[in-house]
Amino acid sequence: MPAACAKPTGSAAALYVADGYRAWLSQSALAKAARLARAAAPMETGGMLLGHVVDGEAHVVAVTGPGRNVRLARYTFEADRARDNRLVHRVWPRLRYLGDWHTHPGGRPVLSAMDLASIRETLTPDMPAVLELLLAGPPGMESVEVALFTMVRGEDAPLRMTGGGQ
Ligand SMILES: [Zn+2]
């Protein structure tokens, strides 16, 4: 079972850690991503991770679904990022962007070279660390393996975080 804690919102969350970096992933956010993953399978899908940073720990409390240009999103990342950020501020004014999530239907919970390039592009002086949630599973995504990564600006590669009872 995932390690759970009582959050201020009342929803349970699982803790993931890597090298001193700590991130909490709410069960409701993970459940929504898993639902979207099944709905899109066998195609990949994804969106944003939204939440708060409290005492240096990221708390993912919501995920967004794919935009209209989802199939192009991986290739037109900068344009979609600007649109996504406007969306965040308008729809979730109290939440901030913490990273992205996406799926590997019929694939492994390992980041591809394109994934790594996309993650690196999100790192800026204002966004020195991001999370990447990867859901992998069979082609229909009836079950998912959860992999959470953190990428810190200036480091060579993302770290896969451990925890969550996975
Ligand atoms: Zn990928």
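Visitor: Between which two elements does the loop that holds P42 lie?
Guide: Happy to start there, with the reminder that this is a predicted model. β4 covers residues 46-54, and P42 comes before this strand, in a loop. The elements on either side of that loop are α1 and β4.

Visitor: Which residue is joined to P42 by a cis peptide bond?
Guide: The omega angle is the one to look at, and here it is about 10 degrees. That cis bond belongs to the loop between α1 and β4, where P42 has its place. The partner of P42 in the bond is A41.

Visitor: How many helices and strands does the chain have?
Guide: Reading along the sequence gives the pattern β-β-β-α-β-β-α-α-β-α-β-β-β. The secondary structure therefore comes to four helices and nine strands.

Visitor: Which residues coordinate the zinc ion?
Guide: The donor residues follow the spacing H-x1-H-x10-D in sequence. The donor atoms lie at 1.9 to 2.5 Å from the zinc ion, with NE2 donated by each histidine and two OD entries coming from the aspartate. The residues are H102, H104 and D115.

Visitor: Which elements hold H104 and D115?
Guide: These two zinc donors are 11 residues apart, and the pair links distant parts of the chain. H104 sits in a strand that spans residues 96-105, while D115 sits in a helix that spans residues 113-122. In that order, the elements are β6 and α4.

Visitor: What is the arrangement of the four donor atoms around the zinc ion?
Guide: A tetrahedral label would need all angles to lie between 85 and 135 degrees. The angles here run from 57 to 165 degrees. Because of that spread, the arrangement is irregular.

Visitor: Are H104 and D115 buried or exposed?
Guide: The cut-off for buried is under 20% relative accessible area. H104 has 10%, and D115 has 3%. Both values fall under the cut-off, so H104 and D115 are buried.

Visitor: Which helix supplies the largest share of the largest nonpolar core?
Guide: This core has 23 residues, and L131, L133 and L135 have the most contacts inside it. Elements that each supply at least two of its residues include β2 (12-18), β3 (21-26), β7 (129-137) and β8 (145-152). The largest share is four residues, and it comes from α1.

Visitor: With which residues is L133 in contact, leaving aside its neighbours within four places in sequence?
Guide: L133 is among the residues with the most contacts inside the largest core. Its list of contacts also takes in H102, a residue that coordinates the zinc ion. In full, the partners are L25, L30, L49, D100, W101, H102, V146, A147 and L148.

Visitor: How many residues does the second, separate core have?
Guide: V88, I119, V130 and F149 are included in this second core. Its residue count is 15.

Visitor: Which salt bridge links strand β3 with strand β5?
Guide: The structure holds two salt bridges, and this one joins parts of the chain that are 35 residues apart. Its N to O distance is 2.6 Å. The arginine is partly exposed at 33% relative accessible area, whereas the glutamate counts as buried at 17%. The side chains that meet are those of R22 and E57.

Visitor: How far apart are the closest N and O atoms in the salt bridge of E145 with R160?
Guide: E145 lies in strand β8 and R160 in strand β9 (residues 159-163), so the bridge ties together parts that are 15 residues apart in sequence. E145 counts as partly exposed at 39% relative accessibility, and R160 is also partly exposed, at 39%. The closest N and O atoms are apart by 3.6 Å.

Visitor: What is phi of D19 and of D55 near?
Guide: D19 is in the loop between β2 and β3, and D55 is in the loop between β4 and β5. D19 is exposed, with a relative accessible area of 69%, and D55 is exposed too, with 77%. Each has a positive phi in a residue other than glycine. For D19 and for D55, phi is near 50 degrees.

Visitor: What percentage of the residues in the chain is buried?
Guide: The chain has 166 residues and exposes about 8,800 Å², with carbon and sulfur atoms supplying 56% of that area. Buried residues make up 44%.

Conventions
Residues are numbered from 1 along each chain as its sequence is written. This is a predicted model: local features need pLDDT of at least 70, side-chain atom pairs count only at pLDDT 80 or more; totals for chains, interfaces and linings use all residues. Side-chain values use heavy atoms; hydrogens and water are left out. Donors are N, O and S atoms within 2.8 Å of the metal (3.2 Å for Na, K and Ca); water is not among the atoms, so sites may look incomplete. Four donors count as tetrahedral if all angles lie between 85 and 135 degrees; four count as square planar and six as octahedral if opposite donors are over 155 degrees apart and all others between 65 and 115; anything else is irregular. Buried means under 20% relative accessible area, exposed over 50%, partly exposed in between (1.4 Å probe, protein chains only). A nonpolar core is a set of buried Ala, Val, Leu, Ile, Met, Phe, Trp, Tyr and Cys residues joined through side-chain atoms within 4.5 Å. Contact means heavy atoms within 4.5 Å. A salt bridge is a side-chain nitrogen of Lys or Arg within 4 Å of a carboxyl oxygen of Asp or Glu. Accessible areas come from the Shrake-Rupley method with a 1.4 Å probe; for residues, only the protein chains shown count as cover.
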